[in-house]
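Hi everyone, thanks for making time. I'd like to walk you through a structure that is probably new to most of you, so let's bring it up on the screen.

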Amino acid sequence: MSEVLNLNNIKLNMVFDNKIEAIKYAGNILVENGYVKEDYIQSMLERDKDLSVYIGNNIAIPHGMPDSESYIIKSGISIIQVPDGVDFDGELAYVIIGIAGKNNTHMEILEKIALVCMEEENIEIIRRAKNKEDILNIFNNFRRNSTYNYIVGNIFGNHRTCCYDWIFANGYAL
């Protein structure tokens, strides 16, 4: 995951007046680190207008519209810690995770984020981390548990999209 997420992609103790500033900042991290072209930021804003990027559990995951792949140079993630939160239409997000997935890696990236963030203690660790390494370690050292392996391997097999739907529908959502 080091190509997709590294210490340069993580920002601590940020404060935003509104969700538009937060989404733009998440996109700017991706631009500055060579993951996307600047036009991708507008696509992230359009995505939030179309369907909120706030997903619950105090997390927002800004990403581009389906037709934005031409703006993506390579897959990447930005993580922003907002200890006091930023308002996303009445919900507070303490963690903003900007994503850009190239060549159908979007679902793979979302899978990793979903699995890490479905544990509320991981969200609190990210929210309260004093250094970037603690956040990076959560994602780099995460191991799928046996329940996940059983569900994916034995029930869904290669039908990963069904697996994601089941995970979210059964209360394991973010």
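Let's start with a helix and the strands beside it. Helix α1, residues 19–32, lies across β1, β4 (76–88) and β5 (91–100), and its direction is at about 160 degrees to β4. Before we go on, please keep in mind that this is a predicted model.

Now, the sheet itself. Which order do the strands take? Reading across, you get β1-β4-β5-β3-β2, five strands in an open sheet with mixed pairing. The edge strands are β1, at 10–11, and β2, at 54–56, and each of them pairs on one side only. As a quick reminder, strands of a sheet pair through backbone hydrogen bonds, either parallel or antiparallel.

Let's go through those pairings. β1 and β4 run parallel and are joined by two bridges. Isoleucine 10 has isoleucine 79 in β4 as its bridge partner. That isoleucine 79 also stands opposite isoleucine 97 in β5, so to speak with a neighbour on either hand. Between β4 and β5 the strands run antiparallel, with nine bridges. The hairpin they make has two residues between the strands, and there aspartate 89 takes a positive phi near 55 degrees. Over at the other edge, β2 is joined by two bridges to β3, residues 59–60, and this pair runs antiparallel. Tyrosine 54 has alanine 60 in β3 as its bridge partner.

How many of the residues of β4 are buried? The count is 11 of 13, so you can think of β4 as mostly covered.

Back to the helices. Two packed helices are described by the angle between their axes and the distance between the axes. For α1 and α2, residues 39–50, the axes come within 9 Å and cross at roughly 145 degrees. The crossing is right-handed. By class, this contact has nine nonpolar, two polar and three charged residues. On the α1 side you'll find, among them, Ile20, Ile23 and Leu30, while the α2 side includes Tyr40, Met44 and Asp48.

A word on α2 by itself. At 1.5 Å a residue, its 12 residues should span 16 Å, and the end C-alpha atoms are 17 Å apart, which agrees. Its buried residues are Tyr40, Ile41, Ser43, Met44, Leu45, Arg47 and Asp48, and they pack against α1, β4 and β5.

Is aspartate 48 buried or exposed? Its relative accessible area is 8%, and because buried means under 20%, aspartate 48 counts as buried. Leaving aside residues up to four places away in sequence, aspartate 48 touches Lys19, Ile23, Val53 and Phe88.

Last stop: helix α3, residues 106–117. Its 12 residues should span 16 Å at 1.5 Å a residue, and its end C-alpha atoms are 16 Å apart, which agrees. Buried residues in α3 include Ile109, Ile113 and Cys117. Valine 116 is in this helix too, and at 0% relative accessibility it counts as buried. What does valine 116 touch, once we set aside residues up to four places away in sequence? The contacts are Asn122, Ile138, Phe139 and Phe142. Valine 116 and asparagine 140 are 24 residues apart in sequence, with their C-alpha atoms 10.0 Å apart in space.

That's the tour, and thanks for listening!

Technical notes
Residues are numbered from 1 along each chain as its sequence is written. This is a predicted model: local features need pLDDT of at least 70, side-chain atom pairs count only at pLDDT 80 or more; totals for chains, interfaces and linings use all residues. Side-chain values use heavy atoms; hydrogens and water are left out. Two strands pair if DSSP finds at least two bridges between them. Helices (H or I, at least four residues) and strands (E, at least two) are DSSP runs, numbered from the N terminus. Contact means heavy atoms within 4.5 Å. Axes are lines fitted to C-alpha atoms, for helices over the stretch in contact, and angles run from 0 to 180 degrees between N-to-C directions. The expected span of a helix is 1.5 Å times one less than its number of residues. Buried means under 20% relative accessible area, exposed over 50%, partly exposed in between (1.4 Å probe, protein chains only). A crossing is left-handed if the near helix is turned anticlockwise from the far one by less than a right angle, and right-handed if clockwise. Ala, Val, Leu, Ile, Met, Phe, Trp, Tyr, Cys and Pro count as nonpolar, Asp, Glu, Lys and Arg as charged, and the others, Gly among them, as polar.
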